[in-house]
Amino acid sequence: MSVATTPRNEARRDAGDEYEAFCLLFRRVCGIDLLQYKRGQMERRIRSFVATRGARDLLAYAATLKSDKAELERFLDRVTINVSQLWRNPEQWETLEETILPDLAETAPTRPSRVRAWSAGCSYGAEAYTLAAIARRAIPRSLVTILGTDIDARMVARARTGIFSAEDARDAPTATLASHFAPAADGRWHASAELKRLVRFEQGDLLRAAPEAGSFDLVLCRNTVIYFNEDVRDALHGRLAASLRAGGRLVVGATERVSEPARHGLAPDSPFVYRKI
Ligand SMILES: C[S@@+](CC[C@H](N)C(=O)[O-])C[C@H]1O[C@@H](n2cnc3c(N)ncnc32)[C@H](O)[C@@H]1O
């Protein structure tokens with residue numbers, strides 16, 4: 001790795017502190033705005049990583065990220081926390097399979113019913129493929145489409161392959177897994193062509209996303225907003241709510257909540273599910 005040793009630059013003077021200046025430079029390199037994320041944990045994470053890379057300071061490291069693609073990859077691995085798995089939080093999938101999906105199909109305005117879902121912050125696609133497998137069982141006659149979006153282009157590329165490790169499948173129900181994923185000799189699981197037809201993946205920044213009002217029946221946004229500042233998170237929940245049709249559902253992570261859901265036109269359905277009024 002080469003570490004640039006340029007003198008203090010204008011960004012530092014303008015931004016007032018080194019961390020802010022680093023975030024501004026990083027945004028220019030790859031478009032991700034780290035200032036929207038909770039500063040305490042993000043700054044600690046970044047500083048401890050940069051300390052292991054031999055850079056003089058954050059600004060020197062920002063210059064390195066601009067010129068060294070491999071280093072940028074390493075840094076992205078550090079800041080975008082991509083942890084996921086198939087059937088993550090199984091109790092949420094039970095609720096989706098038993099009550100939410102059947103209700104969405106029944107209340108859909110057209111026949112055959114259409115269910116349009118969005119996995120917002122999809123990482124490498126485990127959530128989208130799990131939803132696809134569950135939908136095939138719960139609402140087999142519905143036309144289901146699932147869009148997965150993530151800020152990290154590398155995760156989006158991985159999601160498109162539909163291949164998951166044995167570790168990813170550790171909590172998946174054995175019979176359902178086997179009927180929708182083919183085991184490979186190396187222990188990995190390959191999503192069936194049928195599941196792949198239901199999902200599509202795009203790179204996208206949730207903080208800039210402005211989906212058409214009422215364009216989804218179901219939005220899953222789990223384990224992604226925990227990294228955002230509270231006001232950024234609340235504004236995002238508002239935009240996700242606006243993207244739902246009346247009667248649509250927003251599902252958040254098992255330990256997450258929407259703050260003041262009524263102001264976004266949402267009513268709590270169960271601890272992690274909100275219904276668009
Ligand atoms: C912990 S993973 C959650 C994956 C999945 N939703 C789950 O619960 O298993 C969080 C994902 O959010 C993505 N992410 C972070 N900031 C984002 C943003 N501004 N826009 C879109 N995705 C973002 C990260 O790249 C990461 O893949």
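Colleague: Let's start with E260 in this predicted model. Is E260 buried or exposed?

Modeller: E260 is found in the loop between strand 8 and strand 9 (266-270). Its relative accessible area comes to 55%, and the cut-off for exposed is over 50%. So E260 counts as exposed.

Colleague: What is the phi of E260?

Modeller: Most residues other than glycine have a negative phi. E260 goes against that, since it is not a glycine and yet has a positive phi. The value for E260 is about 45°.

Colleague: W87 is not a glycine either, and it has a positive phi. Is W87 buried or exposed?

Modeller: The phi of W87 is about 55°, and the residue lies in the loop between helix 5 and helix 6. Its relative accessible area is 4%, and anything under 20% goes down as buried. So W87 is buried.

Colleague: Which residue just after helix 8 takes a positive phi?

Modeller: Helix 8 covers residues 153-161. Just after helix 8 the phi is about 70°, and the residue there is G162.

Colleague: Which residues of helix 8 are buried, and what covers them?

Modeller: The buried ones in helix 8 are R154, M155, V156 and A159. Two helices are part of their cover, helix 5 (69-79) and helix 7 (126-138). The cover also includes strand 2 (143-150) and strand 6 (199-203).

Colleague: Which two residues does a cis peptide bond join?

Modeller: Most peptide bonds are trans. Here one has an omega of about -5°, which makes it cis. P112 is one partner, in the loop between helix 6 and strand 1 (114-120). The cis bond joins R111 and P112.

Colleague: On to helix 6, residues 90-106, where T99 is found. Which backbone oxygen lies 2.9 Å from a polar atom of the T99 side chain?

Modeller: T99 has a relative accessible area of 46%, so it is partly exposed. Its side chain has a polar atom 2.9 Å from a backbone oxygen, and that oxygen belongs to T95.

Colleague: How far apart in space are T99 and A138?

Modeller: Along the sequence, T99 and A138 are 39 residues apart. In space, C-alpha to C-alpha, the figure is 9.0 Å.

Colleague: And what separates the C-alpha atoms of S67 and L104?

Modeller: S67 has its place in helix 4 (residues 58-67), and it is exposed with a relative accessible area of 58%. S67 and L104 are 37 residues apart along the chain. Their C-alpha atoms are separated by 48 Å.

Colleague: Why does R222 count as buried?

Modeller: R222 has its place in the loop between strand 7 (216-221) and helix 11 (230-242). Beyond its neighbours within four places in sequence, it is in contact with residues including R88, W93, V251 and E256. Buried means under 20%, so R222 qualifies with a relative accessible area of 5%.

Colleague: Which side chain does R222 join in a polar contact of 2.7 Å?

Modeller: The contacts of R222 also include N89, Q92 and E127. The 2.7 Å polar contact is between side chains, and the partner of R222 is E127.

Colleague: Then there's R249, in strand 8 (residues 244-252). Which backbone oxygen does its side chain reach?

Modeller: R249 counts as buried because its relative accessibility is 3%. Not counting residues up to four places away in sequence, it touches several residues, among them D103, D217, D269 and Y274. Its side chain also reaches a backbone oxygen at 2.8 Å, that of G247.

Colleague: Now the ligand. How many residues surround it, and which are the closest?

Modeller: The count around the ligand is 22 residues. The closest are Y37, S84, D150, L206 and N223.

Colleague: Which side chain has a polar atom 2.6 Å from an oxygen atom of the ligand?

Modeller: D150 has a polar side-chain atom 2.7 Å from an oxygen atom of the ligand. N223 has an N or O atom of its side chain 2.7 Å from a ligand oxygen. The 2.6 Å value belongs to S84.

Colleague: How much of the ligand's accessible area does the protein cover?

Modeller: The space taken by the ligand is the largest cavity. On its own, the ligand has 600 Å² of accessible area. The protein covers 99% of that.

Terms used. Residues are numbered from 1 along each chain as its sequence is written. This is a predicted model: local features need pLDDT of at least 70, side-chain atom pairs count only at pLDDT 80 or more; totals for chains, interfaces and linings use all residues. Side-chain values use heavy atoms; hydrogens and water are left out. Helices (H or I, at least four residues) and strands (E, at least two) are DSSP runs, numbered from the N terminus. Buried means under 20% relative accessible area, exposed over 50%, partly exposed in between (1.4 Å probe, protein chains only). A polar contact is a pair of N or O atoms within 3.5 Å; within protein, one must be able to donate a hydrogen and the other to accept it, and residues adjacent in sequence count only if both atoms are side-chain atoms. Contact means heavy atoms within 4.5 Å. A residue is near a molecule or strand if one of its heavy atoms lies within 4 Å of it. Accessible areas come from the Shrake-Rupley method with a 1.4 Å probe; for residues, only the protein chains shown count as cover. On a 1 Å grid over the protein atoms alone, a cavity is a set of points where a 1.4 Å probe fits but cannot get out, and a pocket is an open set with protein on both sides within 12 Å along at least five of seven lines; lining residues have an atom within 4 Å of a point. A molecule sits in a cavity or pocket if more than half of its atoms lie within 2 Å of its grid points.
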